[in-house]
Amino acid sequence: MTQDEVRTGRNNEPDCPELPLEKMEDTPFVMLKDENNLYQRAMAMAQMHNFQPQIILKLDSVVSAFNMACSGIGAAFIPDGLAKHIAYDVPLYFYRLDEKLSLRRIHFVKKRNKYMTRAMEEFIRIAVGDEVYETVSSEETE
């Protein structure tokens, strides 16, 4: 998919094909370090497909991996939220992974009746999406 297709949610449509990881066996990968949850989930997905990624570089952050992929150094496992919300167009193709391990539940917690900065609000809005954020925000004010 193109970045625009990811931005419009094409990757979440039921008819969007997934990438069989074993097709990537000759592709160099930029991964996160071993202790990172995304690395652990990527390796578990690879193992499920009897696929051993050719890791050429391990990094600390997903943004660094994303930038390395943009530079053509290797493929990377990237959350769709990064592709959706990056402010500039990137020279990448994106592939859907329809594995339970590619999804992760996250929780945001804040103290009740404490001030939340505009930056905090925007971060949460981007992370959960506009529709969910509006629902949660309206429930909080009731």
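Contact here means heavy atoms within 4.5 Å. With that in hand, start at phenylalanine 51: leaving out residues up to four places away in sequence, Phe51 touches Leu21, Glu22, Met24, Glu25, Phe29 and Ala46. Before going further, some ground rules: this is a predicted model, where local features need pLDDT of at least 70 and side-chain atom pairs count only at pLDDT 80 or more, while totals for chains, interfaces and linings use all residues. Residues are numbered from 1 along each chain as its sequence is written, and side-chain values use heavy atoms, with hydrogens and water left out.

Phe51 also turns up in the largest nonpolar core, which has 18 residues. A nonpolar core is a set of buried Ala, Val, Leu, Ile, Met, Phe, Trp, Tyr and Cys residues joined through side-chain atoms within 4.5 Å. Buried means under 20% relative accessible area, exposed means over 50%, and partly exposed is in between, using a 1.4 Å probe and protein chains only. The residues with the most contacts inside this core are Met24, Phe29, Met31, Phe51 and Phe77. Two elements give two or more residues to it, β1 (28–32) and α2 (37–48), and α2 gives the most, with six residues. Those element names come from DSSP runs numbered from the N terminus: helices are H or I, at least four residues, and strands are E, at least two. Apart from this core lies another, of eleven residues, among them Ala83, Ile86, Val90 and Leu92.

Now for the start of the chain. Glutamine 3 sits in helix α1 and is buried, with a relative accessible area of 5%. Not counting residues up to four places away in sequence, Gln3 touches Ala83, Ile86, Tyr88, Asp89, Val90 and Phe94. Of these contacts, Ala83, Ile86 and Val90 are also among the residues of the eleven-residue core.

Helix α1 (residues 3–7) brings us to charges too. A salt bridge is a side-chain nitrogen of Lys or Arg within 4 Å of a carboxyl oxygen of Asp or Glu, and a search of the whole structure finds eight of them. One joins aspartate 4 to arginine 7, with the closest N and O atoms 3.3 Å apart. Asp4 and Arg7 are three residues apart in α1, so about one helical turn separates them. An α-helix has 3.6 residues a turn, so residues three or four places apart point the same way. Both partners are partly exposed, Asp4 at 48% relative accessibility and Arg7 at 30%. The pair isn't on its own, either: Asp4, Arg7 and Asp89 are linked in a network of salt bridges.

A little further along, arginine 10 forms a salt bridge with glutamate 13, again with the closest N and O atoms 3.3 Å apart. Arg10 is partly exposed at 21%, and Glu13 is partly exposed at 34%. Jump to helix α5 (residues 118–128) and you'll find glutamate 122 and arginine 118 four residues apart, about one turn of the helix. Their side chains meet in a salt bridge of 3.9 Å, N to O. Here Glu122 is partly exposed, at 24% relative accessibility, whereas Arg118 is exposed, at 59%.

Next, helix α3 (residues 62–70). Its buried residues are Ala65, Phe66 and Ala69. They lie on the same side of α3, because they cover an arc of only 100° around the axis, the arc being that of the directions from the helix axis to the C-beta atoms. These buried residues pack against β1, β2 (54–59) and α4 (80–85). Just after α3, glycine 72 takes a positive phi of about 85°.

Helix α3 also helps to enclose a void. On a 1 Å grid over the protein atoms alone, a cavity is a set of points where a 1.4 Å probe fits but cannot get out, and lining residues have an atom within 4 Å of a point. Grid points are joined across faces, edges and corners, and a volume is the space filled by probe spheres set on the points. By this rule there is one cavity of 30 Å³ or more, and the largest has a volume of about 50 Å³. Its lining is Val30, Met31, Leu32, Leu38, Tyr39, Ala42, Val62, Ala65 and Phe77, with β1, α2 and α3 each giving two or more residues.

Finally, look at two loops. Asparagine 50, in the loop between α2 and β2, has a positive phi of about 50° although it is not a glycine, and Asn50 is exposed at 76%. Asparagine 113, in the loop between α4 and α5, has a positive phi near 65° and is exposed at 75%.

Note on methods:
On a 1 Å grid over the protein atoms alone, a cavity is a set of points where a 1.4 Å probe fits but cannot get out, and a pocket is an open set with protein on both sides within 12 Å along at least five of seven lines; lining residues have an atom within 4 Å of a point.
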